[in-house]
Amino acid sequence: MEKFKKTKIMKLLPIILPLCLALALSGCQRGFEPIEYGRDSCAHCKMTIMDHRYAAELVTAKGRAYKFDDVRCLKQQLRNQEESGHLLFVESFLGGPNTPVPAAEALYLQHEYFSSPMNGNSAAFATRDQARLFMDSLNIQALTWEELD
């Protein structure tokens with residue numbers, strides 16, 4: 001009976017091992033980690049993250065997520081960060097909570113109208129069409145991630 005169990009298990013190993021490996025690897029994918037507004041703190045300034053319109057996130061190469069209450073805090077953190085290979089996300093000003101946009105793909109508007117938590121006065125937009133209404137009414141130009149100060 002004991003021998004029968006072992007041979008049955010040995011026959012199933014080629015099926016079980018790849019499944020276990022696939023499950024383990026699927027849990028290791030890096031990506032945006034949802035922000036718990038009103039609970040999570042900014043990794044830079046330590047303020048509680050309240051307003052989804054200005055939030056941002058850095059995910060390290062190892063998968064650790066750092067959350068920010070203002071794009072300005074993320075930019076300042078990056079100046080102190082030596083690590084590379086991280087993912088950067090911003091929340092779209094017009095999107096709902098936890099609808100991230102890759103920071104390099106977003107367009108940014110800087111104006112005092114955007115009263116962000118740390119006075120960065122910057123708002124991210126997923127598309128030019130979303131930003132256009134503000135660009136026209138505030139008479140400002142959109143910036144890229146690299147142009148944003």
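Visitor: In which sense do strand E1 and strand E2 pair, and over how many bridges?

Guide: In this predicted model, strand E1, residues 56–59, pairs with E2 in the antiparallel sense, and the pairing runs over four bridges. Since at least two bridges are needed for two strands to count as paired, the four bridges between E1 and E2 satisfy the criterion. Within this pairing, Glu57 has Lys67 of E2 as its bridge partner, while Leu58 stands opposite Tyr66 in E2. The two strands form a hairpin with five residues between them, and Gly63 in the turn has a positive phi of about 95°.

Visitor: What is the strand order of the sheet, and what makes E2 and E4 its edge strands?

Guide: The sheet is open and has four strands in the order E2-E1-E3-E4, with antiparallel pairing. Strand E2 (65–68) and strand E4 (100–102) are its edge strands, as each pairs on one side only. Averaged over neighbouring strands and with direction ignored, the turn of one strand against the next is 25°.

Visitor: How do you know that E3 pairs with E1 and with E4?

Guide: Here the bridge counts are set against the requirement of at least two bridges. E1 and E3 have four bridges in the antiparallel sense, and E3 and E4 have three, again in the antiparallel sense, so by the cut-off both count as pairs. On the E1 side of E3, Val90 is the bridge partner of Ala56 and Leu88 stands opposite Leu58; towards E4, Val90 stands opposite Val101.

Visitor: Why is E3 described as largely enclosed by the rest of the structure, and what makes both faces of E1 covered?

Guide: For E3 the description follows from a count, because four of its five residues are buried. For E1 the two sides are examined in turn: Ala56 and Leu58 on one side are buried, and Glu57 and Val59 on the other are buried as well.

Visitor: Which residues touch the most other members of the largest nonpolar core, and which element gives the most to this core?

Guide: The core has 21 residues, and those that touch the most other members are Phe68, Leu74, Leu88, Val90, Tyr108 and Trp145. The elements that give two or more residues are E1, helix H2 (71–80) and strand E3 (87–91), and H2 gives the most, with four residues. As a general background, nonpolar side chains in soluble globular proteins tend to be buried together.

Visitor: Why is the pair of Tyr108 and Trp145 called tilted?

Guide: The ring centres are 5.7 Å apart and the planes stand at 50°. The distance falls within the 6.5 Å allowed for a pair, and the angle is neither under 30 degrees, as stacking would require, nor over 60, as an edge-to-face arrangement would require, so the pair is classed as tilted. Tyr108 lies in strand E5 (residues 107–110) and Trp145 in the segment after helix H3 (128–138), so the pair ties together parts that are 37 residues apart in sequence. By this rule the count of aromatic pairs comes to eleven, and one aromatic cluster is formed by Tyr54, Phe93, Tyr113, Phe114, Phe125 and Phe134.

Visitor: How do you know whether Tyr108 and Trp145 are buried or exposed?

Guide: The relative accessibility is 0% for Tyr108 and 9% for Trp145; buried means under 20%, so both residues count as buried.

Visitor: What makes Lys75 a charge over the ring of Trp145?

Guide: Lys75 lies over the face of Trp145 at 4.1 Å from the ring centre, which is to be set against a distance cut-off of 6 Å.

Visitor: How many disulfides does the structure hold, and why do Cys42 and Cys45 form a bond or fail to form one?

Guide: The structure holds zero disulfides. The sulfur of Cys42 is 3.6 Å from that of Cys45, its closest cysteine sulfur, and as a disulfide requires the two atoms to lie within 2.5 Å, the distance is too far for a bond. With a relative accessible area of 1%, Cys42 is buried, whereas Cys45, with 21%, is partly exposed, because a value under 20% would be needed for the term buried.

Conventions:
Residues are numbered from 1 along each chain as its sequence is written. This is a predicted model: local features need pLDDT of at least 70, side-chain atom pairs count only at pLDDT 80 or more; totals for chains, interfaces and linings use all residues. Side-chain values use heavy atoms; hydrogens and water are left out. Axes are lines fitted to C-alpha atoms, for helices over the stretch in contact, and angles run from 0 to 180 degrees between N-to-C directions. Rings of Phe, Tyr and Trp (its six-membered ring) pair if their centres lie within 6.5 Å; planes under 30 degrees apart count as stacked, over 60 as edge-to-face and the rest as tilted. Buried means under 20% relative accessible area, exposed over 50%, partly exposed in between (1.4 Å probe, protein chains only). A charge sits over a ring if NZ of Lys or CZ of Arg is within 6 Å of the ring centre and within 35 degrees of the ring normal. A nonpolar core is a set of buried Ala, Val, Leu, Ile, Met, Phe, Trp, Tyr and Cys residues joined through side-chain atoms within 4.5 Å.
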